[in-house]
Amino acid sequence: MATSSNYWEDLRKEARQLENELDLKLVSFSKLCTSYSSSNSREQRTRNSSSSQDNMLVAMTTELQQLLANLSAVNDKMAEYTSNPGVSSHNAALMHTLQRHRDILQDYTHEFHKTQSNFFSLREREDLLGSVHRDIESYKSSSGVNNRKTELFLKEHEHLRNSDSLIDNAISIAMATKENITFQRGMLKSIQTRVTTLANRFPTINSLIQKINLRKRRDSLILGGVIGVCTILLLLYTFH
């Protein structure tokens with residue numbers, strides 16, 4: 001039984017280590033994507049700098065995918081352990097711990113795919129704007145005529161670029177806010193783990209934890225609503 005208990009503790013230790021490493025890597029990945037998409041257009045970047053950033057993104061993406069796969073494998077081992085008839089007397093506590101690690105894995109997987117998707121969208125928009133800019137420059141060079149239509153078109157394009165810059169700044173602020181929330185979430189999860197351990201020993205604390213969780217979900221909904229309204233107002237202001 002001692003050996004079996006040690007095996008479970010080793011799995012938990014490995015899972016926590018992978019979770020901590022994923023948390024740090026996701027923050028770095030988010031910062032790298034933000035710095036890549038918030039920098040100047042591709043024409044203004046040096047070729048070596050752009051290639052270096054691309055290589056870093058590919059390497060970090062591969063590393064995160066491997067960490068997520070490793071954590072998933074550890075969770076599977078923990079699930080296999082809980083199904084062992086020899087640990088049925090502790091099954092409720094083990095299942096609670098396993099579910100918590102599964103929730104953490106799901107959160108990290110969702111955050112990784114969301115950050116990756118946002119980055120691809122930003123890069124696609126940047127490439128599109130860069131293509132428009134090149135077409136304008138090519139037209140100016142070939143025609144040599146600076147007529148009224150060209151001036152209006154250039155002014156409209158400049159307005160679009162300024163609007164894009166404002167949106168990028170708003171996204172950067174949102175990403176920075178998300179990183180701060182992610183850091184706070186890590187701290188709260190650590191505190192919640194300790195409180196959950198106490199709650200299992202003292203049932204009266206469990207009721208208090210449920211009230212705290214309800215209030216936390218309510219605050220999250222309020223914060224999400226405020227951020228959504230601010231984003232909509234910013235977009236309306238930008239395009240009007």
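How many salt bridges does a search of the whole structure find? The search finds 2 salt bridges, and both will be described below once the general outline of the chain is clear. The reader should keep in mind throughout that this is a predicted model.

The outline may be taken from the secondary structure. The chain contains 5 helices and 0 strands, and reading along the sequence gives the pattern α-α-α-α-α. The chain has 240 residues, of which 28% are buried. A residue is called buried when its relative accessible area is under 20%, exposed when that value is over 50%, and partly exposed in between. These limits are needed for several of the residues discussed in what follows.

The salt bridges may now be considered. In general, side chains of opposite charge can pair when their charged atoms come close. One of the pairs joins E63 to K25, with the closest N and O atoms 3.1 Å apart. E63 belongs to helix α2, which covers residues 47–82, and K25 belongs to helix α1, which covers residues 2–38, so this pair ties together parts that are 38 residues apart in sequence. What degree of exposure does E63 have? Its relative accessible area is 31%, and therefore E63 is classed as partly exposed. K25 has a relative accessibility of 24%, so K25 is partly exposed as well.

The other pair consists of R218 and D219, whose side chains meet in a salt bridge with a distance of 3.7 Å from N to O. The relative accessibility of R218 is 45%, which means that R218 counts as partly exposed. For D219 the value is 39%, and D219 therefore also counts as partly exposed.

Some residues that are distant in the sequence can also be compared by their positions in space. E21 is found in helix α1. Its relative accessibility is 31%, so E21 counts as partly exposed. Along the chain, E21 and L64 are 43 residues apart, while their C-alpha atoms are separated by 9.4 Å.

A further example is R161, which has its place in helix α4. With a relative accessible area of 29%, R161 is partly exposed. R161 and E126 are 35 residues apart in sequence, and the distance between them in space is 10.0 Å from C-alpha to C-alpha.

Helix α5 offers another case, for T231 is found there. At 39% relative accessibility, T231 counts as partly exposed. T231 and A170 are 61 residues apart along the chain, and their C-alpha atoms are separated by 8.0 Å. Helix α5 also contains I232. Together with V229, L233 and L236, I232 forms a nonpolar patch on the surface. The accessible area of these residues together is about 370 Å².

The last feature to examine is empty space. Rolling a probe the size of a water molecule over the atoms shows where such space is left. What is the volume of the largest pocket? The largest pocket has a volume of about 2000 Å³. Its lining comprises 49 residues, and those closest to the centre of the pocket are I181, T182, R185, S220 and L223. The elements that give two or more residues to this lining are α3 (91–143), α4 (148–201) and α5 (203–239). Which of the elements gives the most to the lining? Helix α4 does, with 19 residues.

The character of the lining can be described as well. The lining residues of the largest pocket divide into 17 nonpolar, 21 polar and 11 charged.

Conventions:
Residues are numbered from 1 along each chain as its sequence is written. This is a predicted model: local features need pLDDT of at least 70, side-chain atom pairs count only at pLDDT 80 or more; totals for chains, interfaces and linings use all residues. Side-chain values use heavy atoms; hydrogens and water are left out. On a 1 Å grid over the protein atoms alone, a cavity is a set of points where a 1.4 Å probe fits but cannot get out, and a pocket is an open set with protein on both sides within 12 Å along at least five of seven lines; lining residues have an atom within 4 Å of a point. Grid points are joined across faces, edges and corners, and a volume is the space filled by probe spheres set on the points. Helices (H or I, at least four residues) and strands (E, at least two) are DSSP runs, numbered from the N terminus. Ala, Val, Leu, Ile, Met, Phe, Trp, Tyr, Cys and Pro count as nonpolar, Asp, Glu, Lys and Arg as charged, and the others, Gly among them, as polar. Patches are made of residues with over 30% relative accessible area and no salt bridge: like charges are joined within 9 Å, nonpolar side chains (Val, Leu, Ile, Met, Phe, Trp, Tyr) within 5 Å. Accessible areas come from the Shrake-Rupley method with a 1.4 Å probe; for residues, only the protein chains shown count as cover. A salt bridge is a side-chain nitrogen of Lys or Arg within 4 Å of a carboxyl oxygen of Asp or Glu. Buried means under 20% relative accessible area, exposed over 50%, partly exposed in between (1.4 Å probe, protein chains only).
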